[in-house]
Structures are given as C-alpha cells and as structure tokens.
Amino acid sequence: MRRMAFWSARVGLLLAAGVYLGSVSTASAAVIYDESGDGDASNSAAAPTLIALALGDNEIIGTTGSGDRDHFTFTIGASEAVTSFIITEFNGPEGGGGHFFGFANGSTVPSAGSSFLISDLIANAEAPFNVLGASGGAFGGTGVPTELGPGDYSVLFNETAGGSVSYRASITVSAIPEPSSGFAALFVSAAWMVRRRRKTS
C-alpha cells in the first residue's frame, strides 16, 4: 500500500513537471531581421538598429561592405538568458583586411577594441563561429561569458577588406524560471503528498 502511494505520487510529479516544462518551452526559429526586406541596418554606432528577441532561435541576415557598417542592439529581460549565439555565415572576398565582428555590453557600439567583449576578424572558414565563451579577439576585447544574463548588448558587423560580404547569426533566448515558484513548488507539493499518504496508510 505504501509502495503504491509512493509511486502514485512520483508519477503525478513527473506529469506535472512535463506540463510545467512545456509551458516554458521556446518558440520556433524565426528571422527577426533581414536586410533584404527590413532595410539597411543602422550605420551609426550611437544609434544601432533595435531588434526584439523572442524566446527561441532568432536569426539576423544581412550584408556589409566598405563604408557600410551594420550596428544592432538588443535587450535581455530579467527572467531570460542568451544560451546560444552562433555566427552561422560570414562569407565574401578575403584579403587586405577581414570580416570584423564586435560584441559589447550596452546599447551603443564602442569605438575602442578594449571596450568590446569581443572585437576580432572572422575568416570565411571560421563560420559557424560560437560567440559565447569566445576570447576577446585581436583588438583587446575582454572575452564573452558562456551565457548572457539580463541587460543591453550591441553588435557590429563590418567588412574591412572591401567588396560586399553576407552574414547570418542565430541567437537563442531561454526562459529562466523563478526559483521560488514553478518547478521547485512542484517538488515541495509532491514531497508533502508522499509524506501525507505514508501517515494515512
């Protein structure tokens, strides 16, 4: 009888956990900015193009060339985190410079390499390039954490070799459940159910 009550409570916990996890699952992948349809990204470091990231995979698609810098900024909310940031393509003529990528804290793009988390040249063959956990790069960045918490961030794509290059980046945003609610509360409830059934059996 006690064993049956114990397993009944455990099954109930697993079912409830499945419902909870399903409620916070991320949305499907979506292109949130494509220069071919949304227009040229901002050429101003002081006023980057604002992109709104949703839960799940968010893709940015664009081109950059000589004199055409693409600046973006986005905000991560209090209960969210960036858990993946991959440059899936940075492709075009190489030589005499390179495909520059910069990533920094804040809603504006810095001018000094040391103010970036990463400031580096990325060759065609280096894509896909994992931004999270990357070192600071060749121009003095401080390095990127393996996960990005709440706050404002800025991004720069800039071709320094001349000609035009294409780029694509995928940013994954995940929800962070409150520790005092949700899944933790399910465990407390299940433990109470098991204890109560043991006393009454």
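How many helices and strands does the secondary structure of the protein come to? In this predicted model, the protein comprises three helices and 10 strands, and from the N terminus on these elements follow one another in the arrangement α-β-α-β-β-β-β-β-β-β-β-β-α. Of the 201 residues in the protein, 37% are buried, and the accessible surface amounts to about 10300 Å², with carbon and sulfur atoms accounting for 56% of that area. When contacts between residues at least 6 apart in sequence are considered, 76% of them join residues at least 24 apart.

The pairing of strands was examined next. An open sheet of five strands, with mixed pairing, is arranged in the order S2-S4-S9-S6-S7. Strand S2 (49–50) and S7 occupy the edges of this sheet and have a single partner strand each, so that one side of each remains without a neighbour in the sheet. Within the sheet, S6 and S9 are joined in the antiparallel sense over seven bridges, and Gly102 has Leu156 in S9 as its bridge partner. A further antiparallel pairing, over 10 bridges, connects S3 with S10, and here the bridge partner of Gly62 is Tyr167 in S10. Strand S3 is mostly covered, in that seven of its 10 residues are buried.

In soluble globular proteins, nonpolar side chains tend to be buried together. The largest nonpolar core of the model contains 31 residues, of which Phe72, Phe74, Val82, Phe85, Phe101, Phe103 and Phe157 touch the most other members. At least two residues of this core are supplied by each of strand S4 (70–76), strand S5 (80–91), strand S6 (99–105), strand S7 (118–122), strand S9 (151–159) and strand S10 (164–175), and S10 gives the most, with five residues. Apart from this core lies another one, made up of five residues that include Ala104, Val109, Phe116 and Leu156.

Two residues illustrate the surroundings found in the interior. Leaving aside residues up to four places away in sequence, Phe85 touches Phe101, Phe103, Phe129, Asn130, Val131, Leu132, Val155, Ala169, Ser170 and Ile171. Ile87, which lies in strand S5, has a relative accessible area of 0% and therefore counts as buried, the limit for that class being under 20%. With residues up to four places away in sequence again not counted, the contacts of Ile87 are with Phe101, Ile122, Ala127, Pro128, Phe129, Val131, Phe157, Arg168 and Ala169. One of these partners, Phe129, is 42 residues from Ile87 along the chain, yet the C-alpha atoms of Ile87 and Phe129 are separated by 5.0 Å.

Charged side chains were considered last. A search of the whole structure returned one salt bridge, in which the side chains of Glu59 and Arg168 meet at an N to O distance of 3.0 Å. Distant parts of the chain are linked by this pair, since Glu59 belongs to strand S3 (residues 56–65) and Arg168 to strand S10, with their positions 109 residues apart in the sense that they are 109 residues apart. The relative accessibility of Arg168 is 30%, and Arg168 is therefore classed as partly exposed, a class that lies between the limits of 20% and 50%. Arg168 thus takes part in the salt bridge with Glu59 and is also among the residues touched by the buried Ile87.

Terms used. Residues numbered from 1 in each chain as written. Predicted model: local features only at pLDDT ≥ 70, side-chain atom pairs only at ≥ 80, totals over all residues. Heavy atoms only, no water. Helix = DSSP H or I, 4+ residues; strand = E, 2+ residues; numbered from the N terminus. Buried < 20%, exposed > 50% of the residue type's maximum accessible area, 1.4 Å probe, protein only. Contact = heavy atoms within 4.5 Å. Areas by Shrake-Rupley, 256 points an atom, 1.4 Å probe, with all protein chains shown as cover. Core = buried A, V, L, I, M, F, W, Y, C linked by side-chain atoms within 4.5 Å. Pairing = 2+ DSSP bridges. Salt bridge = Lys/Arg side-chain N within 4 Å of Asp/Glu carboxyl O.
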